Amino acid sequence: MAQFGRFYVPPFSAVVNVVRETAKSLIPDDSPCREMLRKATGADKGPAGQNKSNGQSTKNQHQSGYDDVFESPATGYDVIDGENRPAKVDCEEQQGYQRSGPQKFSIAPGSFDRDSDEFGNGEGGEFKSRHKINEWQAAWNVTNAIQGMFIVSLPFAVLHGGYWAIFAMIGIAYICCYTGKILIECLYEIDLNNGQRVRVRDSYVSIARECFGPVWGSRIVNVAQMIELLMTCILYVVVCGDLMIGTFPDGFVDGRSWMCITGVFLLPLGFVKSLHHVSLLSFWCTMSHLVINAVILGYCLLEIANWGWSKVKFRIDTKNFPISLGVIVFSYTSQIFLPTLEGNMVDRSKFDWMLDWSHIAAAVFKSLFGYLCFLTFQNDTQQVITNNLHSPSFKGMVNFFLYIKALLSYPLPYYAACEILEKNFFKGQPETRFPSIWYLDGDLKVWGLAFKVSVIFCTVLMAISIPHFAILMGFIGSFTGTMLSFIWPCYFHLRLKGNSLQWKTVIFDCFVIFLGSLFGIIGMYDSGSAMIEAFEIGLPF
């Protein structure tokens, strides 16, 4: 590109491309001139996806891979025991396998020749990626999802549940690991031609479409996902307010004001265009959190002489323990991302091994973290454990770094939530009611910026309205967490694999559904009641 003063002149090839695409848009599809133009440019000889218009390719750069709430891309087949070759197949036209019973079907030769999704990738689901990962990288991603900064509330769960809360951290880890495995099992069928397992679905949503129907399946799961993402954003703002009010308890700025200040820091996220920058922030906030966890555990070990061994009881606080169960369930929720993670692994046969050890590590760390922190601070344990640190300067330092980590953690769920809203409402007519928020050159429109900023504003407003971090997290875990991690994976397993399962597996699936329903109903009732009571007695700041 040449520059003349303050002006840039595009290269000749770019001018030719614009002229060619303009001509193609003006010539009818059935015109012989269109065929001559295609032959002259060689568009029909290049790989699929290279003859798209500049506007469409620019638009695809801003799509993250989330399935549409109302429409989702077709799923692809992917043989894992043989050659990994994707194919684009409509879910409604797959007649070679039964909806339940022995999961076998037949695939015509040569059906693995095309890309399976609009992004040019044949594998994965939400958050599709062109890059393969090994089992260690997959374990890192799962660990990052289930051992985030919300573990700072686990000692508060031990306060209300005693040893039963510790047992719940281990038991829920086992159940979530099990439901993650059966969820991945629902992605596969058996090919009658060669007896190999074939990947016929690519995401949580595609499984839901098969079980709940092509329309309502996508809507139900994605609405639950949307609620969880927005609630996670709200939680980050709430915890920021709690951390800063714990750091400056006698300051002139109250908790609500700290949340408003946090919202000001979050406003620049409205300009975020790429998931690459979000991923980079997530990596560094994870590394910082590992250091903070080590610091907190080190502090607890230094206080070993003052540990209150007798304070941990088998007695359960029936009013608050269901909220603690919701907190624990929420801390283990990762099922929505597992199909994509498994689809992008180099060796998918190691997925079960990876999931086992990542959940074992999470169960050991969470139970020890909650137990040791409660032994240290005993009945004075607060909702955010760092607020219990005795030294004001040390507590201020730790809370400040946790505050920065919460700010850096906010962009990932925020970006994902905006992508879902954009793909449902702002793809342009006739697909959606509203036009796209992006210009053809990739710049964000002014009203599009207002839309993205309004999402931040709404999460901050909700955070100001909801007073307690642990109560809100317990409500989310009891609501969407039990559905995504307990009830739906087992229902999918029974629906798709029911006739081929052993009776012990069927009984255990039904038990997990019952347990998830019980946790969900009681947890939502108790956390909702606690939230109403918190409003009645006023905010604690």
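**Surface.** I started with the outside: the protein chain exposes about 25400 Å², and carbon and sulfur atoms supply 64% of it. Areas here come from the Shrake-Rupley method with a 1.4 Å probe, and for residues only the protein chains shown count as cover.

**Ground rules.** I'm working on a predicted model, where local features need pLDDT of at least 70 and side-chain atom pairs count only at pLDDT 80 or more, while totals for chains, interfaces and linings use all residues. I number residues from 1 along each chain as its sequence is written, and side-chain values use heavy atoms, with hydrogens and water left out.

**Overall make-up.** I found 18 helices and seven strands in the protein chain; these are DSSP runs numbered from the N terminus, helices being H or I of at least four residues and strands E of at least two. Of its 541 residues, 53% count as buried, meaning under 20% relative accessible area (over 50% is exposed, in between is partly exposed; 1.4 Å probe, protein chains only). I also looked at contacts (heavy atoms within 4.5 Å). Among those between residues at least 6 apart in sequence, 78% join residues at least 24 apart.

**Core.** I next pulled up the largest nonpolar core, which has 130 residues. Such a core is a set of buried Ala, Val, Leu, Ile, Met, Phe, Trp, Tyr and Cys residues joined through side-chain atoms within 4.5 Å. The members touching the most others are I172, Y332, Y410, F469, F486, W488 and F492. Helix α8 (residues 216-247) gives the largest share of this core, 16 residues. I then clicked on Y410: leaving aside neighbours within four places in sequence, its contacts are C233, Y236, V237, L266, L269, V455, I456 and T459.

**Cavities.** I counted two cavities of 30 Å³ or more. A cavity is a set of points, on a 1 Å grid over the protein atoms alone, where a 1.4 Å probe fits but cannot get out; lining residues have an atom within 4 Å of a point. Points are joined across faces, edges and corners, and volume is the space filled by probe spheres set on them. The second largest holds about 40 Å³. Its lining is Y415, C418, E419, E422, I437, F451 and K452. Helices α15 (411-425) and α16 (446-465) each supply at least two of these, with α15 giving the largest share, four.

**Odd backbone spot.** I noted Q378, in the loop between α13 (351-377) and α14 (392-409). Its phi is near 55 degrees, a positive value in a residue other than glycine. Most residues other than glycine have a negative phi. Q378 is buried, because its relative accessible area is 18%.

Notes: On a 1 Å grid over the protein atoms alone, a cavity is a set of points where a 1.4 Å probe fits but cannot get out, and a pocket is an open set with protein on both sides within 12 Å along at least five of seven lines; lining residues have an atom within 4 Å of a point.
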